[in-house]
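Reader: I am new to this structure and would like to know what stands behind the words used for it. Please show it, and then I will ask.

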Amino acid sequence: DVDILSHAMYPAVFDEYMQFKHEFGNLSFLDTRTFLSGMKVDQELTVPLEAGKQLVIKLISVSVPDRDGVVTMQFELNGTPRMVQVMDKSVGTNLVVSVNSCRHRIL
(Lines give C-alpha, C1' and ligand atoms only; values in the text may rest on other atoms or scores of the structure.)
Protein backbone atom coordinates (compact mmCIF):
# COMPACT_ATOMS: atom_id res chain seq x y z
CA ASP A 1 0.00 0.00 0.00
CA VAL A 2 2.78 2.44 0.93
CA ASP A 3 4.73 1.65 -2.27
CA ILE A 4 1.66 2.28 -4.43
CA LEU A 5 0.96 5.62 -2.76
CA SER A 6 4.62 6.65 -2.91
CA HIS A 7 4.81 5.80 -6.59
CA ALA A 8 1.56 7.65 -7.33
CA MET A 9 2.64 10.83 -5.51
CA TYR A 10 6.38 10.86 -6.39
CA PRO A 11 6.97 8.56 -9.37
CA ALA A 12 10.48 9.77 -10.25
CA VAL A 13 11.69 9.70 -6.63
CA PHE A 14 10.15 6.26 -6.08
CA ASP A 15 11.76 4.87 -9.25
CA GLU A 16 15.15 6.25 -8.16
CA TYR A 17 14.70 4.69 -4.71
CA MET A 18 13.80 1.31 -6.17
CA GLN A 19 16.85 1.41 -8.47
CA PHE A 20 19.05 2.29 -5.48
CA LYS A 21 17.52 -0.54 -3.42
CA HIS A 22 18.06 -2.99 -6.29
CA GLU A 23 21.71 -1.93 -6.63
CA PHE A 24 22.67 -1.77 -2.93
CA GLY A 25 20.07 -3.97 -1.21
CA ASN A 26 18.10 -3.26 1.92
CA LEU A 27 19.77 -0.54 3.99
CA SER A 28 16.96 -0.08 6.50
CA PHE A 29 19.35 -0.99 9.35
CA LEU A 30 21.16 2.34 8.80
CA ASP A 31 20.06 5.38 10.73
CA THR A 32 19.43 8.50 8.62
CA ARG A 33 22.63 10.31 9.67
CA THR A 34 24.84 7.33 8.74
CA PHE A 35 22.99 6.83 5.46
CA LEU A 36 23.45 10.47 4.45
CA SER A 37 26.97 11.15 5.72
CA GLY A 38 28.64 7.74 6.14
CA MET A 39 30.18 6.10 9.18
CA LYS A 40 32.40 8.00 11.59
CA VAL A 41 35.62 6.56 13.06
CA ASP A 42 34.84 4.32 16.08
CA GLN A 43 31.18 4.05 15.07
CA GLU A 44 29.62 0.57 15.22
CA LEU A 45 26.74 -0.76 13.16
CA THR A 46 24.86 -3.97 13.73
CA VAL A 47 23.56 -5.57 10.56
CA PRO A 48 20.99 -8.35 10.91
CA LEU A 49 21.86 -11.17 8.50
CA GLU A 50 19.20 -13.76 9.34
CA ALA A 51 17.39 -15.01 12.41
CA GLY A 52 19.94 -15.23 15.23
CA LYS A 53 22.86 -13.93 13.13
CA GLN A 54 24.22 -10.43 12.94
CA LEU A 55 27.32 -8.65 11.72
CA VAL A 56 28.93 -5.96 13.86
CA ILE A 57 30.87 -3.45 11.76
CA LYS A 58 33.21 -0.92 13.38
CA LEU A 59 35.08 1.72 11.40
CA ILE A 60 38.64 1.92 12.76
CA SER A 61 40.32 4.45 10.45
CA VAL A 62 40.12 6.28 7.14
CA SER A 63 43.30 7.43 5.39
CA VAL A 64 43.74 10.58 3.39
CA PRO A 65 43.48 10.01 -0.37
CA ASP A 66 46.75 9.01 -2.03
CA ARG A 67 47.94 10.64 -5.26
CA ASP A 68 45.57 8.42 -7.26
CA GLY A 69 42.57 9.33 -5.09
CA VAL A 70 42.45 5.97 -3.29
CA VAL A 71 41.42 5.92 0.37
CA THR A 72 42.22 3.00 2.68
CA MET A 73 39.53 2.18 5.24
CA GLN A 74 40.11 -0.17 8.16
CA PHE A 75 37.14 -1.97 9.74
CA GLU A 76 36.46 -4.68 12.25
CA LEU A 77 33.84 -7.21 11.18
CA ASN A 78 32.72 -9.11 14.28
CA GLY A 79 36.10 -8.22 15.80
CA THR A 80 38.17 -9.38 12.80
CA PRO A 81 40.27 -6.64 11.14
CA ARG A 82 39.54 -5.93 7.47
CA MET A 83 40.87 -3.32 5.08
CA VAL A 84 39.33 -1.98 1.87
CA GLN A 85 40.53 0.56 -0.64
CA VAL A 86 38.03 2.79 -2.40
CA MET A 87 38.27 5.59 -4.91
CA ASP A 88 37.43 8.98 -3.40
CA LYS A 89 35.26 10.54 -6.10
CA SER A 90 35.58 13.99 -4.54
CA VAL A 91 39.30 14.07 -5.33
CA GLY A 92 40.20 15.11 -8.85
CA THR A 93 42.96 12.98 -10.29
CA ASN A 94 44.67 12.65 -13.61
CA LEU A 95 44.93 8.90 -13.25
CA VAL A 96 45.20 7.05 -16.54
CA VAL A 97 44.80 3.29 -16.47
CA SER A 98 45.57 1.10 -19.42
CA VAL A 99 43.89 -2.23 -19.99
CA ASN A 100 47.26 -3.99 -20.09
CA SER A 101 48.34 -2.67 -16.69
CA CYS A 102 45.18 -4.06 -15.06
CA ARG A 103 44.96 -7.29 -17.01
CA HIS A 104 46.31 -9.46 -14.18
CA ARG A 105 43.75 -8.00 -11.77
CA ILE A 106 40.78 -8.52 -14.09
CA LEU A 107 41.49 -12.11 -15.10
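Author: The model is a predicted one. Its largest pocket is lined by L27, F29, L30, T34, S37, G38, M39, L45, I57, M73 and V86.

Reader: What makes a residue part of the lining of the largest pocket, I57 for instance?

Author: A lining residue has an atom within 4 Å of a point of the pocket. I57 is on the list for the largest pocket, and therefore has such an atom.

Reader: How many residues of that lining are nonpolar, polar and charged?

Author: The lining divides into eight nonpolar residues, three polar ones and no charged ones. T34, S37 and G38 are the polar ones, because Gly is counted as polar and neither Thr nor Ser is among the nonpolar or charged types.

Reader: What is the volume of the largest pocket?

Author: About 270 Å³.

Reader: Why is I57 called buried?

Author: Its relative accessibility is 16%. Buried means under 20%, so I57 falls in that class.

Reader: Where does I57 lie, and which residues does I57 touch?

Author: I57 lies in strand β2, which covers residues 53–62. Leaving out residues up to four places away in sequence, I57 touches M39, Q43, E44, L45, V47, F75, E76 and L77. With L77, 20 residues apart along the chain, the separation between C-alpha atoms is 4.8 Å.

Reader: What share of the protein is buried?

Author: Buried residues make up 12% of the 107 residues. The protein exposes about 9,000 Å², and carbon and sulfur atoms supply 56% of that area.

Reader: Why is L49 called exposed?

Author: The relative accessible area of L49 is 55%. The class of exposed residues begins over 50%, so L49 belongs to it. L49 is placed in strand β1 and touches Q54 and L55, when residues up to four places away in sequence are not counted.

Reader: Which class does Q74 fall into, and why?

Author: Q74 has a relative accessible area of 35%. That value is neither under 20% nor over 50%, so Q74 is partly exposed. Q74 lies in strand β3. Its contacts, apart from neighbours within four places in sequence, are K58, L59, I60, S61, R82 and M83. The C-alpha atoms of Q74 and L59 are 6.3 Å apart, and the two residues are 15 residues apart along the chain.

Reader: How do you know that K53 and E50 form a salt bridge?

Author: Their closest N and O atoms are 3.7 Å apart. The limit is 4 Å between a side-chain nitrogen of Lys or Arg and a carboxyl oxygen of Asp or Glu, so the pair qualifies. K53 has 49% relative accessibility, which is not over 50%, and therefore counts as partly exposed.

Reader: What makes the contact of R67 and D68 a salt bridge?

Author: The N to O distance between their side chains is 3.8 Å. That is within 4 Å, so this contact is a salt bridge as well. R67, at 77% relative accessibility, is exposed, whereas D68, at 22%, is partly exposed.

Reader: How many salt bridges does a search of the whole structure find?

Author: It finds two salt bridges.

Reader: What is notable about the phi angles of D42 and N78?

Author: D42 is not a glycine, yet has a positive phi of about 75°. N78 is not a glycine either, and its phi is positive at about 50°. D42 is found in the loop between α3 (32–37) and β1 (44–50), while N78 is in the loop between β3 (70–77) and β4 (80–87).

Reader: Why do D42 and N78 get their accessibility classes?

Author: D42 has a relative accessible area of 55%, which is over 50%, so D42 is exposed. N78 stands at 46%, between the two cut-offs, and therefore counts as partly exposed.

Reader: In what order do the helices and strands come?

Author: Read along the sequence, the pattern is α-α-α-β-β-β-β-α. The protein has four helices and four strands.

Reader: Among contacts between residues at least 6 apart in sequence, what part joins residues at least 24 apart?

Author: That part is 7%.

Conventions:
Residues are numbered from 1 along each chain as its sequence is written. This is a predicted model: local features need pLDDT of at least 70, side-chain atom pairs count only at pLDDT 80 or more; totals for chains, interfaces and linings use all residues. Side-chain values use heavy atoms; hydrogens and water are left out. On a 1 Å grid over the protein atoms alone, a cavity is a set of points where a 1.4 Å probe fits but cannot get out, and a pocket is an open set with protein on both sides within 12 Å along at least five of seven lines; lining residues have an atom within 4 Å of a point. Grid points are joined across faces, edges and corners, and a volume is the space filled by probe spheres set on the points. Buried means under 20% relative accessible area, exposed over 50%, partly exposed in between (1.4 Å probe, protein chains only). Helices (H or I, at least four residues) and strands (E, at least two) are DSSP runs, numbered from the N terminus. Contact means heavy atoms within 4.5 Å. Accessible areas come from the Shrake-Rupley method with a 1.4 Å probe; for residues, only the protein chains shown count as cover.
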